[in-house]
Amino acid sequence: MDSPARTVLVTVPDTATGESLGRALVEDRLAACASVVPGIVSVYRWEGVIQRDSEALVILKTTAARVEALRERIVALHPYEVPEVLAFPVVEGHGPYLRWVEEEVEAGDGSA
């Protein structure tokens, strides 16, 4: 069951930032849901130096049609110079949940 649903991952510096970002995206109907996962550790190279940071992960549920607008809004609101915004297709899922995701974001795209 291929679905128009997408899962988008975004790292943020802390849970408060994740909750604020998630709330704005849900209010804007760019995401149906934002789940904030505290306590992750990211190790990465930035400007030639290996970095280690405590972060939170925001898991957003949206549709393919809303990914670009979602990405643009994340970049506008995000405190990082280069925020992580990764979108993944949802190949299978619980039908009623997937329909709910579609209904929640379609209400904000001008088509409903």
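Is Arg29 buried, partly exposed or exposed? Keep that one in mind; Exercise 3 works it out.

A word on the model. This is a predicted model, in which local features need pLDDT of at least 70 and side-chain atom pairs count only at pLDDT 80 or more, while totals for chains, interfaces and linings use all residues. Residues are numbered from 1 along each chain as its sequence is written, and side-chain values use heavy atoms, with hydrogens and water left out.

**Exercise 1. Work out the strand order of the sheet and say which helices lie across it.**

Step 1: Start with the strands, taken as DSSP runs of E with at least two residues, while helices are runs of H or I with at least four, both numbered from the N terminus. Four of them, in the order β2-β3-β1-β4, make an open sheet with antiparallel pairing. Pairing here takes at least two DSSP bridges between two strands.

Step 2: Find the edges. β2 and β4 (86–89) each pair on one side only. On average, neighbouring strands are turned by 30° against each other, direction ignored.

Step 3: Zoom in on one pair. β2 and β3 run antiparallel and are joined by 12 bridges; Arg45 stands opposite Ile50 in β3.

Step 4: Add the helices. α1 lies across β1, β2 and β3, at about 125° to β2. α2 lies across β1, β3 and β4, at about 140° to β3. These angles run from 0 to 180 degrees between N-to-C directions, using axes fitted to C-alpha atoms, for helices over the stretch in contact.

**Exercise 2. Find the largest nonpolar core, then look at Leu60 and Ser42.**

Step 1: Collect buried Ala, Val, Leu, Ile, Met, Phe, Trp, Tyr and Cys residues joined through side-chain atoms within 4.5 Å. The largest such set has 12 residues, including Val8, Leu25, Leu60 and Ile74. β1 (5–12), α1 (15–27), β3 (49–63) and α2 (67–77) each give it two or more residues.

Step 2: Check Leu60's surroundings, with contact meaning heavy atoms within 4.5 Å. Skipping neighbours within four places in sequence, Leu60 touches, among others, Val8, Val10, Leu25, Leu70 and Ile74.

Step 3: Turn to Ser42, in strand β2 (residues 33–46). Ser42 counts as buried because its relative accessibility is 16%; the cut-offs are under 20% for buried, over 50% for exposed and partly exposed in between (1.4 Å probe, protein chains only). Its side chain makes a polar contact with the side chain of Glu55 at 2.4 Å. Such a contact is a pair of N or O atoms within 3.5 Å; within protein, one must be able to donate a hydrogen and the other to accept it, and residues adjacent in sequence count only if both atoms are side-chain atoms.

**Exercise 3. Sort three salt bridges by where their partners sit.**

Step 1: Apply the rule: a side-chain nitrogen of Lys or Arg within 4 Å of a carboxyl oxygen of Asp or Glu. That gives 4 salt bridges.

Step 2: Look within helices. Glu27 and Arg23 meet at 3.2 Å, N to O, and both lie in α1, 4 residues apart. Glu27 is exposed at 56%, and Arg23 is exposed at 58%. In α2, Arg71 and Glu68 are 3 residues apart, about one helical turn, and their closest N and O atoms are 2.4 Å apart.

Step 3: Now the long-range pair. Glu104 bridges to Arg29 at 3.1 Å between the closest N and O atoms. Glu104 lies in helix α3 (residues 95–106) and Arg29 in the loop between α1 and β2, so the pair ties together parts 75 residues apart in sequence.

Step 4: Settle the opening question. Arg29 is partly exposed, at 30% relative accessibility, and Glu104 is partly exposed too, at 27%.
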